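User: I am new to this structure and would like to learn how to read its features one at a time. Please give the general idea before each case.

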Amino acid sequence: MQINPERFLADLHTLRSFGAAGVGKGVVRPAYSDADVAARQWLAQRMRDAGLQVQVDAMGNLFGLADGRSLLMGSHSDSQPEGGWLDGALGVISALEVARAAAEAGGPAVSVVSFQDEEGRFGVTTGSAVWSGHLTLAQADVLTDHTGIALGDARQSVAVMVTGDVSPDQFTGFVELHIEQGPTLDESGEQIGVVTDIVGIRDMKITFDGQQNHAGTTPMHLRRDAFQAVSAFNAALNNRLRNVVTPQTVWTIGHVSLHPNASSIVPGRAVFSMQWRDADTDRLARMEQIIRDTASEIGSDQGMTLSFGPMLGLEPVAMNERLRTALEAGASVIAPENWRTMPSGALHDATNVSRLMSVAMLFVPSIGGVSHTFEEDTAEGDLVAGVRVLAHAVNHLESMP
Ligand code: GLV
Ligand code: MN
Ligand code: MN
């Protein structure tokens, strides 16, 4: 099959125009926003133009289906509250290009997907979590974003597109191309990474309730200041985790909401996100215990009422050998001596899809190793090389036993 780099890059730029923001090639396209729905409608038309049959499930996961049994490729087209133009989008548009090129060549059959809410406005990779049965739709519907909006209400914005459930039985496997979103390939100068494993993640909200009060009249020793509790928790946690983590383990408090968030009020309530990732399930569990114990001790020291939100998470997964071998064969041809195998520290829809079928993933470099920021970018030559490796792998799979 012949991929068309100009057509692929033009579609990638058009997708960026939905929610284009910020410097460089930034994007603001959170799940179920107007920009996200408009992008999905445009993508659906591009899928139809490619001869694919469009189906959308209740979550808003958008599929372009080839006839008969097919290899599924894709990623997500929602973005972080501040994101780049490639995170997810690259996987969707590269899949579309490979599906088109394959159809033009008379096969093999390739279907395309753009999952919904991979970026976790409501949880962790919620669209593919529901499609793969990790969460029921009812469980997903009650998840809320940081402003209190429930997913069940937000997803009404895609209701007009919904056609019904999409059976996974028609797919022979799933392959996802993604930007690396880290420094490894950028630093080594290599063009392609074939993913070996994806790390596991845990994510929950923690709430400290203290006493809202006057910031001028309340003596320091009488305060029950929820921000001070978060601050003390963070310092203690960093210290205590030191004994159990590896250099690859990561943890993040990425969202803090203070109530009522005013300069002259001692904050009475702090709700914050606590997320941690590691390749080892036991370590994730040990970290959870330390997080819970530390929050409990700091909470009682500082006169807080403590509560934990639902624990969301995904287990670490290994990539499928057969699909991985096909990607490695493609990498050897398109980027000879210029690729490596590597783990993924970012989460991906492939983790959820691995419950249903074999999965594999491919990375291209992120310039400066940055992502989840407007500055995210990748050299055009590397983007095109990624699509060429996919195309090669799809052909290679045909000839594999
Ligand atoms: C997905 O974007 C992640 O947070 O790894
Ligand atoms: Mn992504
Ligand atoms: Mn992302």
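Analyst: We begin with burial: a residue counts as buried when its relative accessible area is under 20%, as exposed when it is over 50%, and as partly exposed in between. Aspartate 87 has 7% relative accessibility, so it counts as buried. Keep in mind that this is a predicted model.

User: Is histidine 372 buried, exposed or partly exposed?

Analyst: Histidine 372 counts as partly exposed, because its relative accessibility is 40%. Histidine 178, in contrast, is buried, and so is aspartate 87.

User: How do I read a metal site, and which residues coordinate the manganese ion (ligand 2)?

Analyst: List the donor atoms, then see where their residues sit in the sequence. For the manganese ion (ligand 2), the donors are His76 (NE2), Asp87 (OD) and His178 (NE2), at 2.0 to 2.2 Å. Along the sequence these donor residues follow the spacing H-x10-D-x90-H. Aspartate 87 is in the loop between strand S3 (70-76) and helix H3 (89-104), while histidine 178 is in strand S5 (residues 171-179); the two are 91 residues apart, and the pair links distant parts of the chain.

User: Which residues coordinate the manganese ion (ligand 3)?

Analyst: The manganese ion (ligand 3) is coordinated by Asp87 (OD), by Glu119 (OE), which is listed twice, and by His372 (NE2), at 2.1 to 2.4 Å. The spacing of its donor residues is D-x31-E-x252-H. Here too the pair of aspartate 87 and histidine 372 links distant parts of the chain: aspartate 87 is in the loop between S3 and H3, histidine 372 is in the loop between strand S17 (359-364) and helix H12 (380-399), and they are 285 residues apart.

User: How far apart are the manganese ion (ligand 2) and the manganese ion (ligand 3), and which residue coordinates both?

Analyst: The two ions are 3.5 Å apart, and aspartate 87 coordinates both.

User: Next is ligand 1. Which residues are around ligand 1?

Analyst: For a ligand, first name the surrounding residues, then sort them by class, then look for polar contacts. Around ligand 1 are Glu118, Glu119, Arg277, Ala346, Leu347 and His372. Sorted by class, this shell has 2 nonpolar, 1 polar and 3 charged residues. Glu119 and His372 also appear among the donors of the manganese ion (ligand 3).

User: Which atoms of leucine 347 lie 2.6 Å from an oxygen atom of ligand 1: backbone or side chain?

Analyst: In leucine 347, a backbone N or O atom lies 2.6 Å from an oxygen atom of ligand 1. Side-chain atoms make the approach in two other residues. An N or O atom in the side chain of glutamate 119 is 2.8 Å from an oxygen atom of the ligand, and for an N or O atom in the side chain of histidine 372 the distance is 3.1 Å. Ligand 1 taken alone exposes 190 Å², of which the protein buries 90%.

User: What is the idea behind a salt bridge, and how many salt bridges are there?

Analyst: Side chains of opposite charge can pair when their charged atoms come close. With a cut-off of 4 Å between a side-chain nitrogen of Lys or Arg and a carboxyl oxygen of Asp or Glu, the count comes to 17 salt bridges. One of them joins the side chains of aspartate 11 and arginine 46, at 3.2 Å from N to O. Aspartate 11 lies in helix H1 (residues 5-17) and arginine 46 in helix H2 (residues 34-49), so this pair ties together parts 35 residues apart in sequence. Aspartate 11 counts as buried because its relative accessibility is 4%, whereas arginine 46, with a relative accessible area of 21%, is partly exposed.

User: Where does arginine 202 lie, and where is glutamate 315?

Analyst: Arginine 202 lies in strand S7 (residues 200-209) and glutamate 315 in the loop between strand S14 (312-314) and strand S15 (317-318), so the pair ties together parts 113 residues apart in sequence. Their salt bridge has its closest N and O atoms 3.0 Å apart. Arginine 202 counts as buried at 11% relative accessibility, and glutamate 315 is partly exposed at 37% relative accessible area.

User: Which residue forms a salt bridge with aspartate 209?

Analyst: The partner of aspartate 209 is arginine 269, at 2.8 Å from N to O. Aspartate 209 is in strand S7 and arginine 269 in strand S12 (residues 269-278), 60 residues apart. Salt bridges can also share partners: Arg7, Asp11, Arg46, Asp49, Glu97, Arg100 and Glu104 are joined in this way into one network.

Note on methods: Residues are numbered from 1 along each chain as its sequence is written. Chains are lettered from A and ligands numbered from 1 in the order in which they are written. This is a predicted model: local features need pLDDT of at least 70, side-chain atom pairs count only at pLDDT 80 or more; totals for chains, interfaces and linings use all residues. Side-chain values use heavy atoms; hydrogens and water are left out. A residue is near a molecule or strand if one of its heavy atoms lies within 4 Å of it. A polar contact is a pair of N or O atoms within 3.5 Å; within protein, one must be able to donate a hydrogen and the other to accept it, and residues adjacent in sequence count only if both atoms are side-chain atoms. Accessible areas come from the Shrake-Rupley method with a 1.4 Å probe; for residues, only the protein chains shown count as cover. Ala, Val, Leu, Ile, Met, Phe, Trp, Tyr, Cys and Pro count as nonpolar, Asp, Glu, Lys and Arg as charged, and the others, Gly among them, as polar. Donors are N, O and S atoms within 2.8 Å of the metal (3.2 Å for Na, K and Ca); water is not among the atoms, so sites may look incomplete. Helices (H or I, at least four residues) and strands (E, at least two) are DSSP runs, numbered from the N terminus. Buried means under 20% relative accessible area, exposed over 50%, partly exposed in between (1.4 Å probe, protein chains only).
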